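Please open the model in your viewer and keep the selection tool at hand. The tour below goes from stop to stop, saying at each one what to select and what is there.

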Amino acid sequence: SGLGPYGAGDSGTAASHVFQSIRPSPLPDLGEPCTEPSEDAKDKIQFAVNNLARNNLSEKTGEVDKMLQPKYFIWFSQDIMVKRASQEPNYHALYLQFVEALNRPDLTRCILRETLVSISRLLNAETTPGSSRDQGYLKNLGAWLGGITLARNLPILRENVSFKDLLCEGYNSNRLIVAIPFVCKVLEQAARSTIFHPPNPWLMSIMGVLAELYDTANLKLKLTFEIEVLCKALTLDVKDIQPTAILGSQPMRGAVDALTADLAKAAIGGDTGDTRGPAGAGAPAADAAGTLAGAVQMPVINGADISVDILGVLSQHASFHTAESLFAQQPTMKKIFYMLTERMIREIIPIHVARSIYVAVSCTRDTIQKDFCGEPNEENVHRAAQV
């Protein structure tokens, strides 16, 4: 499973994560290093939780509270995530009552953090889109996250989860199959809230993105059903929700931002540095010919020698068919395309021009020497060279 042994840690570097919009908070200061309890203490704590029921909640809470030291909070939080919340959605309410009865604020913060860590691992795991088991775990953890926050009238901070960005990331990476069910399960818990139920602006802004996906993303039946179930839980009609228009501006936004940053210092108009590719490319031929008397030297040309306004020519004569809609939505992309094309021309053309000049001069010299090798009159040779 993408949860790992305890649902903790990273599933890769941040750069490899598709979903960057979910960010667990740092560990709270517990006053001592985190560790696991002894095997005997583990068995007693897990036995008490395994036998937890509504009629013995106070008794079991007291048993666990005596053994649960702050240095065990991370282990306990991970155990709750992997063995309870991700696999036993029918007992979420009981486990929430159990955590509230323990009344340990630092433990609650640790549980929220480990919930987000486990969710991030599952969202970004390569196997989750193809694993119904992991998708089930993710939905259960989504319901758990909503239960420990929204259902208790506690917000989910944007610095921890940005739901609109998460949906956009799922749309751009073709991973809506994991993003939509997770978001829907979290938001379902808003129906139990006195603050975050409709028409709460925060909730409705996320519902607007889901409505846009419902209308325009050509979703599979499974995903449209998830949105419809969410709307039913919130007593909403998806057709009455005003869809946003943010997904239309999303395609390749990350690529545009990256290219814009990389090319921010790029000059337009030929100041691309000394592109002395021709000298390097033709050096072996020139050296070989240099052993012969009167050898033709390879000319050295760089991008600055091209006096044509390449950008002006491109803007006048370049036409786009399949990419026209993209360039209309992302004008920066068109500018970047022109800049890259100009740089390519200034780097490549001098190489071919220099080689063409070298070949033409060499062939002319060899032809004249061959045709006039027996000509006694030097003036005829000069006249032939001028012609």
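## First stop: the cysteines

Begin by selecting Cys231 and showing its side chain; its sulfur lies 7.9 Å from the closest cysteine sulfur, which belongs to Cys184, and that is too far for a bond. Keep in mind throughout that this is a predicted model. Cys231 is buried, since its relative accessible area is 3%, and Cys184, which you can select next, is also buried, with a relative accessible area of 0%. Seen from Cys184, the closest cysteine sulfur is that of Cys231, again at 7.9 Å and too far for a bond. A disulfide would need the two sulfur atoms to be within 2.5 Å, and a search of the whole structure finds zero disulfides.

## Second stop: the largest pocket

Now select Ser25, Thr108, Arg109, Leu112 and Asn160, which, of the 19 residues lining the largest pocket, are the closest to its centre. The space in this pocket comes to about 400 Å³. Which elements give two or more residues to its lining? They are helix H5, covering residues 105-124, and helix H6, covering residues 132-148. If you colour these helices separately, you can look for the contribution of H5, which supplies six residues, the largest share of the lining. Sorted by class, the lining of this pocket consists of eleven nonpolar, four polar and four charged residues.

## Third stop: along helix H5

Stay with helix H5 and select Asp106 together with Arg109, whose side chains form a salt bridge in which the closest N and O atoms are 2.3 Å apart. The two residues are three places apart in helix H5, so about one helical turn separates them. Asp106 counts as partly exposed at 25% relative accessibility, and Arg109 likewise counts as partly exposed, at 47%.

Further along, select Ser120, which is also found in helix H5. Is Ser120 buried or exposed? Its relative accessible area is 9%, so Ser120 is buried. Leaving aside residues up to four places away in sequence, Ser120 touches His17 and Ile22, and adding these two to the selection shows the contacts.

## Fourth stop: salt bridges elsewhere

The pair in helix H5 belongs to a longer list, for the count of salt bridges comes to 15. Move to helix H1, residues 39-50, and select Asp40 and Lys44, which lie four residues apart, or about one turn of the helix. Their closest N and O atoms are 3.4 Å apart, and the two form a salt bridge. Asp40 has a relative accessibility of 46% and counts as partly exposed, and Lys44, at 46%, counts as partly exposed as well.

Next select Asp165 and Arg158, whose side chains meet in a salt bridge with a distance of 3.1 Å from N to O. Here Asp165 counts as partly exposed, at 27% relative accessibility, whereas Arg158 is exposed, with a relative accessible area of 57%. Then select Glu36, Glu39 and Lys42, which are joined into one network by salt bridges that share partners.

## Last stop: the cavities

How many cavities of 30 Å³ or more does the structure hold? There are two of them. For the largest cavity, select Leu96, Val99, Glu100, Thr108, Ile111, Leu112, Trp144, Ile148 and Arg152, which line it. The elements giving two or more residues to this lining are helix H4, residues 92-102, along with H5 and H6. The space inside the largest cavity is about 60 Å³, and its lining divides into six nonpolar residues, one polar residue and two charged residues.

For the second largest cavity, with a volume of about 40 Å³, select the lining residues Gln135, Leu138, Lys139, Ile177, Val178, Pro181 and Lys222. H6 and helix H8, the latter covering residues 176-188, are the elements that give two or more residues to this lining. By class, the residues around the second largest cavity are four nonpolar, one polar and two charged.

Notes: Residues numbered from 1 in each chain as written. Predicted model: local features only at pLDDT ≥ 70, side-chain atom pairs only at ≥ 80, totals over all residues. Heavy atoms only, no water. Buried < 20%, exposed > 50% of the residue type's maximum accessible area, 1.4 Å probe, protein only. 1 Å grid on protein atoms, 1.4 Å probe; cavity = no way out; pocket = protein on both sides within 12 Å on 5 of 7 lines; lining within 4 Å. Points joined across faces, edges and corners; volume = space filled by probe spheres on them. Nonpolar A, V, L, I, M, F, W, Y, C, P; charged D, E, K, R; others polar. Contact = heavy atoms within 4.5 Å. Salt bridge = Lys/Arg side-chain N within 4 Å of Asp/Glu carboxyl O.
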